[in-house]
Amino acid sequence: MTNVTNNNIVFQGEQGANSHIACQAVFPDMTPVPCRTFEDTLTAVSSGTAQLGMIPIENSLAGRVADIHHLMPRSDLFIVGEHFLKVHHQLLTLPNAPVEKLKSVQSHEQALSQCRDIIQEMDLEPIPAADTAGSAREIAEKGDKSCAAIATELAASLYGLQIVRTNIEDASHNTTRFIIVANQPNKANVTDGPIITSLVFQVRNVPAALYKALGGFATNGVNITKLESYQLEGSFNATQFYADIEGHPEDRSVQLALEDLSFFTSRLRILGVYKASPLRQEFSS
């Protein structure tokens, strides 16, 4: 990975990726630095060689993006913010490449799944790759006019490609939610406005444990905006859950809900308490 300083924010992928665009949108005064993998991204932040990391966590069309729920609990990092990015995909080719002679299209599997309609319409062979911007770079380097890439407008500019179809995503609501991670918590104040609390937990191996664990959120009026389960390595019985809830741990209702949760869990860790993005309401409606 490129050497970084504490004014840098790291992301997975290459220059021109949507994660790069998200970094620029939220932290225009920081320098976005690409990393090869999500693990490398988290390691850069954990080691202190980068101040922040920008991680895509879910997409409104394709669902889960990164297995951050597996990676975060293993790290010592904290979620300190979130960002919602409206994602627009472009179909990129070499300059002067005839569209009617395109045979294949390369991109990250998420981008391919978000653009199924046009891929089918143009009868292109989808080729999964590590990321969108890297696909654009590879298409530019290969020089094969029968190959296209799905990537951003920024990637087209960086790698000298032409945009032959604009905004080709299957739905206009195509949005990716990012979390911002740091090696120190930046706990929002209870008075800071809408707050999101993110946590991971493992339920005890007793009948109806999950039902009982979540009952406290219902009885105390705490909204769970996200809940996902993950099998722990080496076991079909041990399950870990990731949840986002609305509210601050200092809110009385959240306190009571977490007390109920802890009674039925064998492990509970709060990953972050942070201000909800002002875009959350727009993209969650």
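**A four-stranded sheet, a pocket and a cavity**

Strands β13 and β14 (residues 239–246) run antiparallel and are joined by seven bridges. One of the residues involved is L227, whose bridge partner in β14 is A243. The model described here is a predicted one.

These two strands belong to an open sheet of four strands. Its order is β13-β14-β12-β15, and the pairing is antiparallel. Which strands stand at the edges? They are β13 (224–231) and β15 (265–275). Each of these has a single partner strand, so one side of each is left without a neighbour in the sheet. On average, and with direction ignored, neighbouring strands of this sheet are turned by 15° against each other.

Two helices lie across strands of this sheet. Helix α8 (residues 209–219) lies across β12 (195–203), β13 and β14, and runs at about 160° to β12. Helix α9 (residues 252–263) lies across β12, β14 and β15. The angle between α9 and β15 is about 150°.

Strand β15 also takes part in a pocket. Both β15 and β5 (78–86) supply at least two residues each to the lining of the second largest pocket. Which of the elements gives the most to this lining? It is β5, with four residues. The space in this pocket is about 240 Å³. Its lining has 13 residues, and the closest to the centre are G81, E82, I180, K275 and S277. Sorted by class, the lining of the second largest pocket has seven nonpolar, four polar and two charged residues.

The next feature is a cavity. How many cavities of 30 Å³ or more does the structure hold? It holds one. The largest cavity has a volume of about 260 Å³. It is lined by 18 residues, with N18, P56, V65, H108 and Q110 nearest its centre. At least two lining residues come from each of α1 (18–26), β3 (52–59), α4 (109–114) and β11 (175–182). The largest share is that of α4, with three residues. By class, the lining of the largest cavity has seven nonpolar, 10 polar and one charged residues.

Finally, the chain as a whole. The protein chain has 10 helices and 15 strands. Along the principal axes, its C-alpha atoms fill a box of roughly 65 × 40 × 40 Å. A compact globule of 285 residues would have a radius of gyration near 19 Å, and the protein chain, with 21 Å, agrees with this.

Notes
Residues numbered from 1 in each chain as written. Predicted model: local features only at pLDDT ≥ 70, side-chain atom pairs only at ≥ 80, totals over all residues. Heavy atoms only, no water. Pairing = 2+ DSSP bridges. Axes fitted to C-alpha atoms, helices over the stretch in contact; angles between N-to-C directions. Contact = heavy atoms within 4.5 Å. 1 Å grid on protein atoms, 1.4 Å probe; cavity = no way out; pocket = protein on both sides within 12 Å on 5 of 7 lines; lining within 4 Å. Points joined across faces, edges and corners; volume = space filled by probe spheres on them. Nonpolar A, V, L, I, M, F, W, Y, C, P; charged D, E, K, R; others polar. Rg over C-alpha atoms; globule rule 2.2 N^0.38 Å.
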